[in-house]
Amino acid sequence: RTQAEMAHTCRGTINLSTAHIDTEDSCNIVLSNGGRTYHLKASSEVERQRWVTALELAKAKAIRMRNNQSDDSGDEEPASQSDKSELHSTLKTLSSKLEDLSTCNDLIAKHGAALQRSLSELENLKLPAESGEKIKAVNERATLFRITSNAMINACRDFLDLAETHSRKWQRVLQYEREQRIRLEETIEQLAKQHNSLERACRGAPGLSSSSTGITSTAKGSVQSAKGEASDEDEETEYFDAMEDAPAFITVSADPKHHRRSGSNLSGASEGHPEDWNLEDSVFESSNQSSYNESTCKDLLPKKRRRTRIPDKPNYSLNLWSIMKNCIGKELSKIPMPVNFNEPLSMLQRLTEDLEYHELLDKAVKCESSTEQMCFVAAFSVSSYSTTVHRTAKPFNPLLGETYELDRLEEFGFRSLCEQVSHHPPAAAHHVYSKRGWTLWQEITIASKFRGKYLSIMPLGTIHLEFHSSGNHYVWRKVTSTVHNIIVGKLWIDQSGEIEIVNHKSKDKCQLKFTPYSYFSRDVPRKVTGVVSDADGKAHYVMSGTWDEKMECSKIVQSSHGSTSTEGKQKTVYQTLSPKVLWKKYPLPENAENMYFFSDLALTLNEPEERVAPTDSRLRPDQRLMESGRWDEANVEKQRLEEKQRAVRRRREAEAMEALEEGKDYEGYIPLWFERKVDAVTGELICIYKGGYWEAKDKQDWSTCPDIF
């Protein structure tokens, strides 16, 4: 057994690799290991011998496995399993068989010596003459058996030594072949890069000669020029890892000066026009400008001044024993989790934080091409994770019927509304309207799985985005968030998985891959890559960046099929123009580490506002007390609110039971501002805003709101 298996064996198990196997008499076997001893009895001497032989073979195998495990520990690399070839497997099998043969040889020598001793003892006994002659004949045969066995043992030993020598030689040959294969792959990639550079130089040569009249160049000069361009290309070349389920691809930077609208000699190549990239309709160009310039212009407009800081987080040590002590004798559902694990924002407010980079959608409205628009939508979908990199604390679970509004219609052109529409399972509905030309809505249910060392958080549900003028309707889902070091160590968060964004009007698609963190990987941490393609599958843009820093977009000039990778996937080579930055994360405010690592927007989300609904998260008392640093009072208030919610749920369950007994239908909880409908695009049942909230706010008529606080 391996060490991992030994850790989970049942009580009474003996590790054969360190056990002693002895025989007491003709039928008894003694197994001992440390302080544990087992006495086994066979039905006959033959049966005992079969057991001893089987146990000796198993012991030899256990020792071999233990040695292999100790040799392999610490030397493994992520690609070691995939690099093992058929030859390596054959060598391991041969080595295993040779070990078995060696064990059998030892057993033959051991049992042969025992047989010789037994016959010698019989010969010394006083027996009749006839018996003595028979014993003598048996002794002679035993001597012949011993001589033959010794000869076989010597031959086997010679074969074993020879096989071990050749095994080491084969291992060296195998390692050499692996290194040669790696060098060959690197050489092929270098040749592909030089081939692209020479093609560009050949295309640019006629244009250069026609534009420079009276200037002659020798063949040697032309070669030097092409060589110089190749070296420049090598420095600018960028490579992107392939997605798991998508075709593998490589991107090579291209020089716009050497690309014209001439036809391509590459079969099946998709071409773009670099002139369009350089002479953009200012949408991409505006995205390169710092967002601070935009915010500076907005500062000239009169707007409400928002807060820029909150009280510092208290330095309370978390006493796990005090939490466990308060849980003794209570039902699991009634155990209150202290606010020490929380941040002073609710899940509804965290959902609203996705709008921090709403200007990406404002720019997307101006795009005339649906594939360009898809680039901004993809950047927006990635930007929503930028605030999570340091935010390891848990947001408050909203109470059923709790709402949160963010009215920035005058400042940024949008207003947002969230409502907790279900408690078991917890689900929140979200609706955003922007007067700048887009509407976003979603219903998110959070599913989580605790896996010992880490916690996986899987948001379930689809996000819908529609642009008013074009009618483009985008749909995508969120990736899995993982919180590591739950038990021991410093908490850290990673995002992993794939996002497929689909434009249901034009059928354009963008496949984004969030690469999970790996200690052995050479990739940039938190890496995101993807390709934007149209309805025909033709690739137009390559997306690249990180989910915590920035996203860039590169226009594809040409695409061609390259060589097949070691995993059997065919690589596609995308020749692209220089990338343009679509989104870059805002720096955190000063002293953010003492304010729960909140961004500028997050600092304003729980700021008290007038005229909001009585169910708004800003009015939640336990959350407000925690933000003020009064954590003990917040824990008491949190327990009161949770008990109040349980009482309402018990009353609702009793009403449902009563209706069932009377044969009546019971509708259960009905959301106040949202209603469940079948989505016309995805066919899913989703909570959609039915209207009435902002009208009720204008009238200050909150009579329909439940008393949840």
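Reader: Before we look at any pairs, what counts as a salt bridge here?
Author: A side-chain nitrogen of Lys or Arg has to sit within 4 Å of a carboxyl oxygen of Asp or Glu. Keep in mind that this is a predicted model.

Reader: OK, so which residue does E353 meet in a salt bridge?
Author: That would be R391, and the N to O distance between the two side chains is 2.8 Å.

Reader: Where do those two sit along the chain?
Author: They come from distant parts of it, 38 residues apart. E353 is in the loop between α11 (347-352) and α12 (359-365), while R391 is in the loop between α13 (370-383) and β6 (394-396).

Reader: And is E353 buried or exposed?
Author: E353 is buried, at a relative accessible area of 3%. R391 is buried too, with 2%.

Reader: Why would two side chains like that pair up at all?
Author: In general, opposite charges on side chains can pair when the charged atoms come close.

Reader: How many salt bridges turn up in the whole structure?
Author: The search finds 37. One of the others joins D523 and K527, with N and O 3.7 Å apart.

Reader: Is D523 buried or partly exposed?
Author: D523 counts as partly exposed because its relative accessibility is 26%, and the buried class stops under 20%. K527, at 12%, is buried.

Reader: Got one inside a helix? Which residue does R624 pair with?
Author: R624 forms a salt bridge with E627, and their closest N and O atoms are 3.1 Å apart. Both residues belong to helix α15 (residues 621-627), where they are 3 residues apart, or about one turn of the helix. R624 and E627 are both buried.

Reader: What about bigger groupings, which residues are linked in a network of salt bridges?
Author: R306, R408, E411, E609, D616 and R618 are linked that way.

Reader: Let's zoom out. How many helices and strands does the protein have?
Author: There are 17 helices and 23 strands. The protein has 709 residues, and 40% of them count as buried.

Reader: What share of the contacts join residues at least 24 apart?
Author: Taking contacts between residues at least 6 apart in sequence, 60% join residues at least 24 apart.

Reader: And the surface, what area does the protein expose?
Author: About 40300 Å², with carbon and sulfur atoms supplying 53% of that.

Reader: Which residues form the negative surface patch?
Author: E99, D158, D161 and E164 make up that patch. Helix α5 (residues 129-211) gives the largest share, 3 residues. E99 lies in helix α4 (residues 86-124), and with a relative accessible area of 34% it is partly exposed.

Reader: Which residues make the nonpolar surface patch?
Author: F450, I486, I487, V488 and L491 do, and the patch is about 490 Å². F450 is in strand β10 (residues 438-450). With a relative accessible area of 51%, F450 counts as exposed.

Reader: Switching to K697, where is that one?
Author: Look in helix α17 (residues 693-699). K697 counts as buried, at 11% relative accessibility.

Reader: What does K697 touch, not counting residues up to four places away?
Author: E405, D407, R611 and W702. K697 and A613 are also worth finding: 84 residues separate them in sequence, but their C-alpha atoms are 7.3 Å apart in space.

Reader: How about S32, which strand is it in?
Author: S32 is in strand β2 (residues 28-33), and it is buried at 17% relative accessibility. Apart from its neighbours within four places in sequence, S32 is in contact with A19, H20 and T37.

Reader: Any odd backbone spots? What kind of peptide bond joins H424 and P425?
Author: A cis one, with omega about 0 degrees. P425 is in the loop between β8 (414-423) and β9 (426-434).

Reader: And what about phi at Y596?
Author: Y596 has a positive phi of about 60 degrees, although it is not a glycine. F597 also has a positive phi, near 60 degrees, and isn't a glycine either.

Reader: Where is Y596 found?
Author: Y596 is in the loop between β21 (580-584) and α14 (600-605), and F597 lies in the loop between β21 and α14 as well. Y596 is buried at 6% relative accessibility, whereas F597 is partly exposed with a relative accessible area of 29%.

Key
Residues numbered from 1 in each chain as written. Predicted model: local features only at pLDDT ≥ 70, side-chain atom pairs only at ≥ 80, totals over all residues. Heavy atoms only, no water. Helix = DSSP H or I, 4+ residues; strand = E, 2+ residues; numbered from the N terminus. Buried < 20%, exposed > 50% of the residue type's maximum accessible area, 1.4 Å probe, protein only. Contact = heavy atoms within 4.5 Å. Areas by Shrake-Rupley, 256 points an atom, 1.4 Å probe, with all protein chains shown as cover. Patch = residues over 30% accessible without salt bridge, like charges linked within 9 Å, V, L, I, M, F, W, Y side chains within 5 Å. Lys, Arg positive; Asp, Glu negative; His and termini not counted. Charge placed at Lys NZ, Arg CZ, Asp CG, Glu CD.
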